[in-house]
Amino acid sequence: MSEPIADAATEAFVTHRNLLFTVAYEMLGLAADAEDVLQETWLRWVGVDAGTVRDERAYLVRIVTRLSLDRLRALGRRKESYVGPWLPEPLLTAPDVAEDVELADSVSMAMLLVLETLAPTERAVFVLREVFDVEYEEIAEAVGKSQAAVRQIAHRARAHVAARRPRGTASPAETRAALQAFQRAVETGDLRELLDLLAPDVVALSDGGGVKHALLRPVVGADNVAALLATGWWRRDAARSVEPVQINGGPGLLVRINGEVDGVLAMHLEHGRVAGAYHVRNPEKLSRVDRETAVSR
């Protein structure tokens, strides 16, 4: 490959890199796997004859989608032997992600868990169409289906997600207030304040990956989750610190012990109350919480 062509290929890839990462991450729920997909995409991209590419963005998205689908199917087999609940890999995101409501919703822990309930091709079609507004023709090429089939898959996936997707939104001010109150409550173990902050049907999940202590099944209901938060995860000691952060475009707490990251608690708010609490302690899933990860659409 001559130098000008190589430079053009690099420029195109860098221009769309954040978008490509976001596509792969929303399909896989794992940043490390998404990065592997990007590396494979780059290796394929530099071997493409640029003269045959009509739309660089569409071409790159197509490569990422195909590679992500292959990896997603393999990932399903890995999850079958996973110890305890499986949660997506949390990302520390910039404040401007929360300002893009659609993007923040699409990368939220709550939405990624809904996407986990879709079959691989359904997930790919939903992400490309509903999040990134890719044309049906391009999606059909990416997933190896006819346009008619893709439209049917999109309709089915849209209905599936609509029945399960998180409800309610919170303003930035409501989010900050709820996060501050939640942090204060878990640090003090104030059961009454916790009960005021939790939705009646709140669900708590934790992921230790069989390496760190975590819940082996969901905890449901305000009373149960409040008791858990007050006495279980958050034993107070001088070595522990809790820092408010933005995780996947939403509110979260970063927990350190002796300065080392021990876990992340991401929250989903509905009408100012915590409706979902997602606690990730698996060390393999905590590499993206010490620096911001750029996501875009």
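Is Asp133 buried or exposed, and what is its relative accessible area? Asp133 is exposed, with a relative accessible area of 53%; exposed denotes over 50% relative accessible area, buried under 20%, and partly exposed the range in between, for a 1.4 Å probe and protein chains only.

The legends below describe a predicted model, in which local features need pLDDT of at least 70, side-chain atom pairs count only at pLDDT 80 or more, and totals for chains, interfaces and linings use all residues. Residues are numbered from 1 along each chain as its sequence is written, and side-chain values use heavy atoms, with hydrogens and water left out.

**View 1. Asp133 in the loop between α7 and α8.** Helices (H or I, at least four residues) and strands (E, at least two) are DSSP runs, numbered from the N terminus. Asp133 is not a glycine, yet its phi is positive, near 55°. A salt bridge joins Asp133 to Arg129, with 3.9 Å between the closest N and O atoms. The term salt bridge denotes a side-chain nitrogen of Lys or Arg within 4 Å of a carboxyl oxygen of Asp or Glu.

**View 2. Packing of helix α3 (residues 56-80) with helix α7 (residues 120-131).** The two axes come within 10 Å and cross at roughly 150°. Axes are lines fitted to C-alpha atoms, for helices over the stretch in contact, and angles run from 0 to 180 degrees between N-to-C directions. The helices α3 and α7 are therefore roughly antiparallel; angles over 145 degrees count as roughly antiparallel, under 35 as roughly parallel, 65 to 115 as roughly perpendicular and the rest as oblique. From α3, the residues Val61, Thr65, Leu69, Leu72 and Arg73 meet Pro120, Thr121, Arg123, Ala124 and Leu128 of α7, where contact means heavy atoms within 4.5 Å. Six nonpolar, two polar and two charged residues make up the contact of α3 with α7. In this classification Ala, Val, Leu, Ile, Met, Phe, Trp, Tyr, Cys and Pro count as nonpolar, Asp, Glu, Lys and Arg as charged, and the others, Gly among them, as polar.

**View 3. Packing of helix α8 (residues 136-143) with helix α9 (residues 147-164).** The axes of α8 and α9 are 9 Å apart, at an angle of about 95°. This angle makes α8 roughly perpendicular to α9. On the α8 side the contact involves Tyr136, Glu137, Ile139, Ala140 and Val143, which meet Gln147, Val150, Arg151, Ala154 and Arg158 in α9. By class, six residues of this contact are nonpolar, one is polar and three are charged.

**View 4. Salt bridge between Glu35 and Arg288.** The closest N and O atoms of the pair are 2.3 Å apart. Glu35 belongs to helix α2 (residues 31-45) and Arg288 to the segment after β6 (273-280), so the salt bridge ties together parts that are 253 residues apart in sequence. Glu35 is partly exposed at 22% relative accessibility, whereas Arg288 is buried at 11%. The model holds 24 salt bridges by the rule given above. Asp33, Asp36, Glu40, Arg71 and Arg78 are linked in a salt-bridge network.

**View 5. Salt bridge between Asp262 and Lys212.** The N to O distance between these side chains is 3.4 Å. Asp262 lies in strand β5 (residues 260-270) and Lys212 in the loop between β1 (198-207) and β2 (219-220), so the pair connects parts that are 50 residues apart in sequence. Asp262 is buried, at 10% relative accessibility, and Lys212 is partly exposed, at 30%.

**View 6. Surroundings of Phe182 in helix α10 (residues 172-188).** Phe182 has 0% relative accessibility and counts as buried. Beyond its neighbours within four places in sequence, Phe182 is in contact with Leu194, Leu197, Leu198, Leu229, Leu253, Leu265, Met267 and Val274. Gly272 is 90 residues from Phe182 in sequence, and their C-alpha atoms are 11 Å apart.

**View 7. Surroundings of Val245 in strand β3 (residues 240-247).** Val245 is buried, with 12% relative accessibility. When residues up to four places away in sequence are not counted, Val245 touches Leu92, Leu179, Gly250, Pro251, Gly252, Leu253 and Leu254. The C-alpha atoms of Val245 and Ala266 are 9.0 Å apart, with the two positions 21 residues apart in sequence numbering.

**View 8. Asn258 in the loop between β4 (250-257) and β5.** Asn258 is not a glycine but has a positive phi of about 55°. At 63% relative accessibility, Asn258 is exposed.
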